[in-house]
Amino acid sequence: MKKIVGLLLLAFTMPTFADSTDEQTIKQIITDIKYGWENGDGTPFRKHFLDFEGARYIESGGQNEGLGDLVEHHVEPEKDALEFLSLDFSQVEVHFEQDFAWALANTRVKGKIRKTGKTFDKSGHQTFLFRKVDDSWKVVHTHSSSRDYKPEKSHH
């Protein structure tokens with residue numbers, strides 16, 4: 001009997017692993033977010049982010065508090081402030097632990113400021129934290145950090 005109870009306890013405490021569908025879903029959410037940033041469209045954020053009190057989204061030292069702040073004061077205004085914005089997420093890694101997941105990505109952000117004509121080209125890293133809510137993966141936190149892009153020097 002002790003052996004059966006021990007096996008049952010082990011089964012309930014072992015982390016569950018997501019299947020490839022969950023990984024594909026999370027990568028599609030990241031693609032949707034990329035679209036939202038590049039087009040100044042808050043729709044993907046409202047669809048895929050969990051809006052809750054205390055939510056914070058951090059970008060290279062700045063932060064938005066809450067989903068409304070992120071969309072209304074950052075994502076959507078960039079459509080008018082920038083002539084263009086190009087965002088690339090590469091080498092996306094997704095990790096799971098039960099109903100929690102995190103994704104890490106390399107980033108490259110390029111754009112042109114409409115008012116000044118100044119261009120920017122930055123590279124860095126992005127972290128997305130997800131929680132499964134009612135069978136849907138929702139972003140609960142993001143953190144990005146970038147600096148001016150510097151191509152790697154060849155070692156020839």
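Biologist: Why is aspartate 148 called partly exposed?

Modeller: This is a predicted model, and in it aspartate 148 has a relative accessible area of 48%. Buried would need under 20% and exposed over 50%, so 48% counts as partly exposed.

Biologist: And what makes the contact of aspartate 148 and lysine 122 a salt bridge?

Modeller: Their side chains come to 2.9 Å, N to O. The cut-off is 4 Å between a Lys or Arg side-chain nitrogen and an Asp or Glu carboxyl oxygen, so the pair qualifies. Aspartate 148 sits in strand S6 and lysine 122 in strand S5, so the pair ties together parts 26 residues apart in sequence.

Biologist: How do you know that glutamate 83 and lysine 112 form one too?

Modeller: Here the N to O value is 3.9 Å, and because the limit is 4 Å, that still counts as a salt bridge. This one links strand S3, home of glutamate 83, with strand S4, home of lysine 112, so parts 29 residues apart in sequence are tied together.

Biologist: What separates lysine 27 and glutamate 23 in helix H2?

Modeller: About one helical turn, because they are four residues apart in that helix. Their closest N and O atoms are 3.3 Å apart, so with a 4 Å cut-off they form a salt bridge. A search of the whole structure finds seven salt bridges.

Biologist: Let's move to threonine 107. Why is it called buried?

Modeller: Threonine 107 has 9% relative accessibility. Buried means under 20%, so threonine 107 falls in that class. Its place is in strand S4, residues 100–113.

Biologist: What makes the pair of threonine 107 and histidine 125 a polar contact?

Modeller: A polar atom of the threonine 107 side chain lies 3.4 Å from the backbone nitrogen of histidine 125. The limit for such N or O pairs is 3.5 Å, so the distance fits. Threonine 107 also touches other residues, including Asp88, Phe89 and Lys122.

Biologist: How do you know that S4 and S5 pair?

Modeller: They share 13 bridges, in the antiparallel sense. Pairing needs at least two, so S4 and S5 count as paired. For example, tryptophan 102 has leucine 129 in S5 as its bridge partner.

Biologist: What about S1 and S2?

Modeller: Four bridges join them, also antiparallel, so they too pass the minimum of two. Both belong to an open sheet of six strands, ordered S2-S1-S6-S5-S4-S3.

Biologist: What makes S2 and S3 the edge strands?

Modeller: Each pairs on one side only.

Notes: Residues numbered from 1 in each chain as written. Predicted model: local features only at pLDDT ≥ 70, side-chain atom pairs only at ≥ 80, totals over all residues. Heavy atoms only, no water. Buried < 20%, exposed > 50% of the residue type's maximum accessible area, 1.4 Å probe, protein only. Polar contact = N/O pair within 3.5 Å; in protein donor to acceptor, adjacent residues only side chain to side chain. Contact = heavy atoms within 4.5 Å. Lists of a residue's contacts leave out its neighbours within four places in sequence.
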